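Hi,

Here is the structure I promised to pass on to you. Have a look at it first, and then read my notes below.

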Amino acid sequence: MSVRYLAASILFAAACGGSTGEAPDRTEDAVIEIEYIAHAAFLFRAEDGTELLIDPYASRVWLGYDWPTGIEPDAILITHPHYDHDAGRFRGAPFPWSEIVPVVDAPGVQQFGDFTVTGIEGRHADPYGKEFGQRNTLMVVEAHGVRIAHLGDNGPLTASMLAGLGRVDVLLIPGDGVDHILSQTTTAEIIAALDPRVVIPMHYRLPDLEADPESPSDLGEVDPWLEGRGPVRMMGSHTATFGWTQLPEGREYVVLEHAPYVSGTEVAGR
Ligand SMILES: [Zn+2]
């Protein structure tokens with residue numbers, strides 16, 4: 001845990017109105033490492049070692065697998081208070097981290113080491129989230145000139161949300177075979193509007209972690225969502241790195257494995 005970032009982030013937030021991301025004129029080859037934990041949870045790691053965790057899920061609530069131990073980020077980003085994004089905090093579950101770990105769960109700009117985090121006011125996709133006013137904070141994480149947007153469970157993007165997001169290089173978007181969060185039409189509109197170089201789907205069923213074929217309810221796998229999209233790069237790994245000078249020329253869909261340290265229920269035949 002890097003407490004030193006607290007003071008820096010307060011100073012930075014006071015001084016900075018936020019950036020919507022003009023394309024950087026830079027040739028450095030520094031990269032952000034993205035590590036996929038599972039569902040909508042990712043770790044972002046910058047060159048200075050700063051780690052941000054976004055959207056940790058609660059163990060075995062709706063999802064059939066455990067939250068792993070040993071994840072000790074410098075800050076935690078939460079797009080909205082559903083148990084599959086906030087570790088069950090809104091429902092009163094014990095939060096797995098110390099109170100001194102900063103939590104970003106609202107719009108605003110903060111700095112954590114190499115990372116600038118910008119939260120933008122969004123709105124949860126219908127019909128879910130009425131119990132908390134359907135609030136959903138779109139998160140942009142920027143370091144080394146690369147801008148990553150995590151949409152949480154947002155619905156269609158309005159003009160003000162698009163303006164707040166600015167340039168997006170890497171887009172993390174809910175995508176599953178039964179259109180749990182986003183319709184195909186809305187998905188196409190979002191990708192066209194943001195025009196990211198890399199699209200990483202998230203928030204889909206992970207069959208090797210779920211013994212019950214009906215679980216989680218109303219959540220499809222990623223393969224049908226990928227049909228008709230391309231090029232698709234199956235990473236075969238739970239990590240990938242993205243640097244400004246290494247982004248693909250055209251759009252690429254990148255599919256990460258979930259982290260091998262996430263354990264679920266025993267799957268028959270395995
Ligand atoms: Zn969700």
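**Starting at Asp 48**

Let's begin with Asp 48, which sits in the loop between strand S2 (41-45) and S3. Keep in mind that this is a predicted model. Asp 48 counts as partly exposed because it has 14 C-beta neighbours inside 10 Å. Which residues does Asp 48 touch, not counting those up to four places away in sequence? They are Gly 113 and Asp 114. Asp 114 is 66 residues from Asp 48 in sequence, yet the two are 6.5 Å apart in space, C-alpha to C-alpha.

The loop that holds Asp 48 belongs to a hairpin: S2 and S3 have 5 residues between them, and Gly 49 takes a positive phi near 90° there. The two strands run antiparallel and are joined by 4 bridges. One pair to look for is Arg 45 with its bridge partner in S3, Glu 51.

**Following S3 into the first sheet**

Now stay on S3 and check its side chains. Glu 51 and Leu 53 point one way, Leu 52 and Ile 54 point the other way, and all of them are buried. On to the next strand: S3 pairs with S4 in the parallel sense, over 3 bridges. Leu 53 stands opposite Ile 76 in S4. From Ile 76 you can take one more step, since its bridge partner in S5 is Val 103. S4 and S5 run parallel too, joined by 2 bridges.

Put together, these strands are part of an open sheet of 6 strands, in the order S5-S4-S3-S2-S1-S13, with mixed pairing. Why do S5 and S13 have one side without a neighbour in the sheet? Strand S5 (103-104) and strand S13 (239-243) stand at the edges, each with a single partner strand, so one side of each is left free of a neighbour. In case strand pairing is new to you: strands of a sheet pair through backbone hydrogen bonds, either parallel or antiparallel.

**The second sheet**

There is also an open sheet of 8 strands, again with mixed pairing, and its order is S6-S7-S8-S9-S10-S11-S14-S12. Strand S6 (108-112) and S12 are the edge strands here; each has a single partner strand, so one side of each lacks a neighbour in the sheet. From one strand to the next, the twist averages 25°.

At the S12 end, S12 and strand S14 (residues 252-255) pair in the parallel sense over 3 bridges. Try finding Arg 233 and its bridge partner in S14, Val 254.

**Some unusual backbone spots**

A quick reminder before this part: most residues other than glycine have a negative phi, and most peptide bonds are trans. Where do the cis peptide bonds turn up?

- One joins Ser 215 and Pro 216, with omega about -10°. Pro 216 lies in the loop between strand S11 (198-202) and helix H4 (223-226).
- Another joins Gly 230 and Pro 231, with omega about -5°. Pro 231 lies in the loop between H4 and strand S12 (232-234).

Two residues other than glycine also caught my eye for their positive phi:

- Trp 62 has a phi near 65°. You'll find Trp 62 in the loop between strand S3 (51-54) and strand S4 (75-77). Trp 62 counts as partly exposed because 15 C-beta neighbours lie inside 10 Å.
- Asp 179 has a phi near 55°. The loop between strand S10 (170-174) and helix H3 (184-194) is the place to look for Asp 179. With 18 C-beta neighbours inside 10 Å, Asp 179 counts as partly exposed as well.

**The chain as a whole**

How many helices and strands are there in the chain? There are 4 helices and 14 strands. The chain has 270 residues, and 40% of them count as buried. Of the contacts with a separation of 6 or more, 65% are between residues 24 or more positions apart.

Finally, a word on confidence. The chain averages a pLDDT of 91, and 87% of the residues score at least 70. Over residues 1-18, though, the pLDDT is below 50, and this stretch has 25 contacts in the model beyond near neighbours in sequence. Where pLDDT is low, the predicted coordinates should not be read in detail.

Happy exploring!

Methods: Residues are numbered from 1 along each chain as its sequence is written. This is a predicted model: local features need pLDDT of at least 70, side-chain atom pairs count only at pLDDT 80 or more; totals for chains, interfaces and linings use all residues. A residue is buried if 20 or more other C-beta atoms lie within 10 Å of its own, exposed if 12 or fewer, and partly exposed in between; C-beta atoms are placed from the backbone. Two strands pair if DSSP finds at least two bridges between them. Axes are lines fitted to C-alpha atoms, for helices over the stretch in contact, and angles run from 0 to 180 degrees between N-to-C directions. Two residues are in contact if their C-beta atoms, placed from the backbone, lie within 7 Å. pLDDT is the predictor's confidence in each residue, from 0 to 100.
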